[in-house]
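Me: I would like to learn how to read a model like this one. Can you take me through it feature by feature?

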Amino acid sequence: MRYSIYISFFLALLVAACSSPQKAVHDSRSSIEQTATPNEWISLNINEAVYFKFEKYETEWSGELTVYTLNADGQKVVQSEYISAQDSSWNEFDLFVDFLNIYEIPPQYEIDGWVPDSGQLPRRVYSFEVYDGDTAHSFSYQDPEKGIRDFWQAQNLLTFITFVQNDLRWVEKKNIE
């Protein structure tokens with residue numbers, strides 16, 4: 001009788017030990033699958049020449065920055081590529097996105113009283129695509145600095161752009177590889 005208790009206990013330990021690694025493999029595989037698709041993302045295109053891509057996986061944001069130029073034949077080519085430094089400059093990115101209501105900014109043409117000056121070509125065009133985890137939408141602004149005093153959307157958009165260009169640290173991709 002005593003041996004059957006030991007054998008039962010040993011079998012229970014063996015079953016638990018054998019099932020634990022499978023569970024760990026399954027758990028790690030599911031977390032990898034979860035991180036394969038970002039929880040949130042923001043894409044910003046400035047004049048078809050500068051592209052920012054921000055992605056949030058679980059609680060961490062990362063970014064990519066690509067700068068284009070025209071070659072001698074007039075073709076658009078990559079001039080330089082950067083990735084987020086993943087240093088303390090990125091610690092507040094999530095709070096900054098929330099504070100500026102980046103996901104709530106509507107297209108410029110939907111804002112009452114703000115009509116882009118169509119009499120001249122815009123100097124700067126900012127095109128965004130955003131996904132907050134539930135919904136995605138896109139919006140663009142022509143020369144938002146002209147509406148900075150009158151529209152919170154222009155203020156928030158320009159503050160965000162200044163933040164990502166001046167306050168976040170970027171590392172050139174070729175230095176990483």
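Reply: We go from the overall fold to the core, then to one buried polar residue and the salt bridges. Keep in mind that this is a predicted model.

Me: Start with the fold. How many helices and strands does the protein have?

Reply: Count the elements, then read their order. The protein has four helices and seven strands. Along the sequence the pattern runs α-β-β-β-β-α-β-β-α-β-α.

Me: What share of the contacts joins residues at least 24 apart?

Reply: Take contacts between residues at least 6 apart in sequence; 57% of them join residues at least 24 apart.

Me: And burial and surface? What percentage of the residues is buried?

Reply: Of the 177 residues in the protein, 28% are buried. The accessible surface comes to about 11,800 Å². Carbon and sulfur atoms hold 52% of that surface.

Me: Now the core. Which residues have the most contacts inside the largest nonpolar core?

Reply: The general idea comes first. In soluble globular proteins, nonpolar side chains tend to be buried together. Here the largest nonpolar core has 33 residues. Those with the most contacts inside it are Ile42, Phe52, Phe54, Phe93, Phe128 and Phe160.

Me: Which elements give two or more residues to this core?

Reply: Five strands and two helices would be the way to sort the list: strands E1 (40-46), E2 (50-57), E3 (60-70), E5 (125-131) and E6 (136-142), with helices H2 (93-99) and H3 (152-167). H3 gives the most, with seven residues.

Me: Take one residue of that core. What is Phe160 in contact with, beyond its neighbours within four places in sequence?

Reply: Phe160 is in contact with Ile42, Leu44, Phe54, Phe93, Phe96, Val97, Leu100, Ile102 and Phe128. Find Phe160 in the viewer and trace these partners.

Me: What about a polar residue? Is Gln153 buried or exposed?

Reply: Check relative accessibility against the 20% cut-off for burial. Gln153 has 8%, so Gln153 counts as buried. Gln153 sits in helix H3. Leaving out residues up to four places away in sequence, Gln153 touches Ile105, Pro106, Ile111 and Tyr141.

Me: On to charges. How many salt bridges does a search of the whole structure find?

Reply: Side chains of opposite charge can pair when their charged atoms come close. The search of the whole structure finds seven salt bridges.

Me: Show me one. What distance separates the closest N and O atoms of Lys56 and Glu40?

Reply: The closest N and O atoms of Lys56 and Glu40 are 3.4 Å apart. Lys56 lies in strand E2 and Glu40 in strand E1, so this pair ties together parts 16 residues apart in sequence. Look at burial too. Lys56 is buried at 9% relative accessibility. Glu40 is buried as well, at 14%.

Me: Is Lys53 buried or partly exposed?

Reply: Lys53 is partly exposed, with a relative accessible area of 40%. The side chain of Lys53 meets that of Glu55 in a salt bridge, 3.4 Å from N to O. Glu55 is buried, at 17%.

Me: Which residue forms a salt bridge with Asp143?

Reply: Asp143 pairs with Lys146, with the closest N and O atoms 3.8 Å apart. Asp143 is buried at 5%, whereas Lys146 is partly exposed at 48%.

Me: Which residues are joined into one network by salt bridges that share partners?

Reply: Glu40, Lys56 and Asp94 form that network.

Terms used. Residues are numbered from 1 along each chain as its sequence is written. This is a predicted model: local features need pLDDT of at least 70, side-chain atom pairs count only at pLDDT 80 or more; totals for chains, interfaces and linings use all residues. Side-chain values use heavy atoms; hydrogens and water are left out. A nonpolar core is a set of buried Ala, Val, Leu, Ile, Met, Phe, Trp, Tyr and Cys residues joined through side-chain atoms within 4.5 Å. Buried means under 20% relative accessible area, exposed over 50%, partly exposed in between (1.4 Å probe, protein chains only). Contact means heavy atoms within 4.5 Å. Accessible areas come from the Shrake-Rupley method with a 1.4 Å probe; for residues, only the protein chains shown count as cover. A salt bridge is a side-chain nitrogen of Lys or Arg within 4 Å of a carboxyl oxygen of Asp or Glu.
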